[in-house]
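Student: I would like to go through this structure with you. Could we begin with the overall picture and then turn to the interior?
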Amino acid sequence: MVAKKISEGEVITPEQRFEFARRNLGPVVAHFLSRLLSYASSFEEEYNGRVLFASRAGVRIKRALDVFTKSAKRAPLKTPETFWISRLMVAKGAWTSAPTAAVAVLAKEFHYTPLPDFVRAMFRFATTPPNLKADDPALQGFGKDLPQFLEGKSQPANLVRTLFAHQSDLFEQYLNELLGQYDRALLVDTGWQGTAQTLLSTAFPRWEWWGAYFGRFGFQDSDRTNWDRIIGLAFEADRFDPAKPESCILLNRHVVESLFEPAGRSVEWLAKSEGGQIVAPDSATILSDRPVKSTDPIFCGVLSYLEDLPDGSAPAALQLAASEAWRRLAKIMAMPSAREVRFFENVSRSADFGRETIVSLTLPPVARDASDTPERRISDSLWPCGQAALEYPGEVAEPIQRRLAGIGRNAFSASTTQPETKVLADKPRVAVITRTMDRPSFLKRALSSVSSQTFKDYVHVVINDGGANGPIENAIRSTNCDQSRICLVDAIENRGMEAASNLAIRCSESEYIVVHDDDDSWEPSFLEKTVRFLSSSSGKLYGGVITKSTYCSEEITPTEIVVHARTPYNDWVENVHLMEMAIGNFFPPIAFLYRRALWEKLGGYDERYPVLGDWDFNLRFLVEADIAVIPDALANYHHRDRGDVMSFGNSVIAARDKHLEFASIVRNNFVRRMAANSQTAAGTLAGLGLF
């Protein structure tokens with residue numbers, strides 16, 4: 001692997017962030033605001049409804065809408081009002097009317113939070129927090145135990161219930177002041193599941209609650225009771241779909257949340273003013289939000305775009321500009337470079353719900369403790385695809401990003417190319433088959449392994465099984481190998497190991513075949529000694545030959561592949577017996593050279609198997625021909641059994657469950673084949689207790 005240099009000496013300036021946001025976020029926000037203005041205006045006119053901009057995000061959305069309305073010369077809203085709430089405030093406010101629903105929201109949010117921390121969070125606004133005793137039996141549980149805790153008679157539970165009852169009373173008065181003459185309310189916020197809206201609908205059915213959000217998405221357990229009244233104006237989707245680039249926000253919704261998050265803590269309590277009005281004491285800190293380019297360049301960049309709208313501010317023109325920006329953003333959200341991630345390195349999110357925690361969008365790519373790994377940091381990051389770009393070089397990060405985003409290699413292209421089936425004009429003695437996908441670092445080692453062979457009469461068929469072609473072509477160009485011997489086959493889509501092997505073999509002509517997986521390697525004399533044996537008078541008795549193997553225990557680090565240990569692999573093998581093979585596969589593909597005529601007779605590898613196809617092939621092979629053994633350890637069988645085994649593990653490690661599942665399937669299918677051809681042979685194997 002090439003040592004990673006994310007951006008040594010490079011600093012993304014506020015001015016660069018400003019221009020980035022103006023170009024990429026400005027158009028999508030403008031289109032969102034255009035739709036919001038149309039939707040909210042209709043809501044006011046036709047439904048006797050009031051538009052409520054839910055704090056905190058609503059404060060910035062309203063500010064952006066005012067700028068857009070003036071710049072686009074559109075009529076402003078008639079009844080807009082800031083709605084001083086948060087999900088926590090709504091849960092407190094719903095306590096009296098809908099206690100079960102309110103507690104369900106709190107219990108979900110604080111599921112793993114110790115009860116003492118929950119109580120403190122409820123009183124975060126108080127100048128004198130409650131005095132809690134660490135050994136209080138009532139406080140030994142977690143947020144998931146809230147229903148039982150709040151039904152108890154302990155002093156802490158009584159304090160919380162008293163607080164909730166008081167806030168519920170103030171909240172209902174607040175709603176009457178705000179919505180007394182209206183039938184409906186339209187909440188304006190970033191989104192996403194309409195939790196506060198659903199709780200308001202349950203607790204206060206006197207009003208009909210609607211929501212106009214930047215986006216709408218849900219999880220498997222999301223409450224979709226009011227889904228028809230939860231409107232996503234920029235997108236509505238539950239997963240990222242490259243065909244709908246606006247859904248890329250699902251990969252990094254915190255960009256939108258941070259964009260519209262003003263200074264000041266969220267609203268967590270209400271009070272009554274001297275004049276008798278209900279007020280949110282924390283609202284002053286939110287209203288004082290004054291973003292400037294030096295400290296908040298992303299929001300300022302968006303405002304700049306809105307202030308200076310392009311000539312076409314009609315809805316169709318805004319939509320066209322937004323569509324182009326969404327395509328750029330989708331690529332950035334799914335597969336960012338390390339430099340693109342740095343445009344968001346100062347983006348963070350507050351935890352809210354009475355907690356002081358501030359979480360950065362990405363994590364520094366350094367170990368936080370002894371157990372920390374790149375895989376763990378990617379999992380912990382708010383933007384996993386962005387974190388992958390910080391952890392690994394681009395060629396390694398890209399396949400990880402595609403997996404995290406759930407996309408294929410052609411997600412951002414319209415390629416309709418058919419598989420390449422180039423066959424070399426000459427006929428070498430050996431066809432070396434290498435299956436690869438999105439692992440250029442491994443491929444470079446495999447290319448070097450083949451090119452270093454003392455035997456040179458071969459063609460090296462490299463089949464790209466559904467990954468990106470660019471990194472593979474770069475790997476071939478950057479490796480010191482004879483490129484005239486390499487045949488690159490593009491399978492276009494992921495076909496699986498056995499189908500890829502068959503396609504690659506059909507794209508070549510040779511006397512012998514050997515599968516050299518992209519993560520394994522040979523000693524320099526492997527081909528020379530195996531070909532010499534099969535060409536000898538003794539070798540003519542055999543259909544194939546194996547060498548002994550070395551087990552290489554290795555780990556992928558951000559800068560290289562580290563081999564930690566080398567030990568003999570199945571050193572006991574002296575011959576290859578069908579009965580022993582039926583018990584389990586005991587040699588890897590990298591160690592096996594065989595005659596092409598046997599592959600043709602057997603009909604190739606069985607493409608039904610996602611794993612263990614080589615074992616099935618070996619069993620069927622041994623029914624037709626014998627396999628000899630060269631006692632020298634000339635094949636290296638590499639295993640990522642340390643570090644990030646899921647991202648980089650070979651199938652024996654990363655797909656262990658499938659190996660267990662298909663072990664019986666391979667055996668059963670083999671004996672069924674034998675039974676169809678020879679009842680006696682099947683009975684012999686069954687009698688030995690092998691099946």
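Student: What percentage of the residues of the chain count as buried?
Tutor: Of the 691 residues, 54% count as buried, where buried means under 20% relative accessible area, with a 1.4 Å probe and protein chains only. This is a predicted model, in which local features need pLDDT of at least 70 and side-chain atom pairs count only at pLDDT 80 or more, while totals for chains, interfaces and linings use all residues. Residues are numbered from 1 along each chain as its sequence is written, and side-chain values use heavy atoms, with hydrogens and water left out.

Student: How many helices and strands does the chain have?
Tutor: There are 28 helices and 18 strands, taken as DSSP runs of H or I with at least four residues for helices, and of E with at least two for strands.

Student: Now the interior. Which residues have the most contacts inside the largest nonpolar core?
Tutor: They are Leu 33, Leu 36, Phe 214, Leu 306 and Phe 344, in a core of 73 residues. Such a core is a set of buried Ala, Val, Leu, Ile, Met, Phe, Trp, Tyr and Cys residues joined through side-chain atoms within 4.5 Å. Apart from this core lies another, of 58 residues, including Val 59 and Ile 286.

Student: And what does Phe 214 touch?
Tutor: Leaving aside residues up to four places away in sequence, Phe 214 touches Phe 32, Trp 192, Phe 235, Phe 260 and Trp 326, among others; contact means heavy atoms within 4.5 Å.

Student: Changing topic, how many disulfides are there?
Tutor: The count is zero, a disulfide being a pair of cysteine sulfur atoms within 2.5 Å.

Student: Is Cys 385 buried or exposed?
Tutor: Cys 385 counts as buried because its relative accessible area is 2%.

Notes: Buried means under 20% relative accessible area, exposed over 50%, partly exposed in between (1.4 Å probe, protein chains only).
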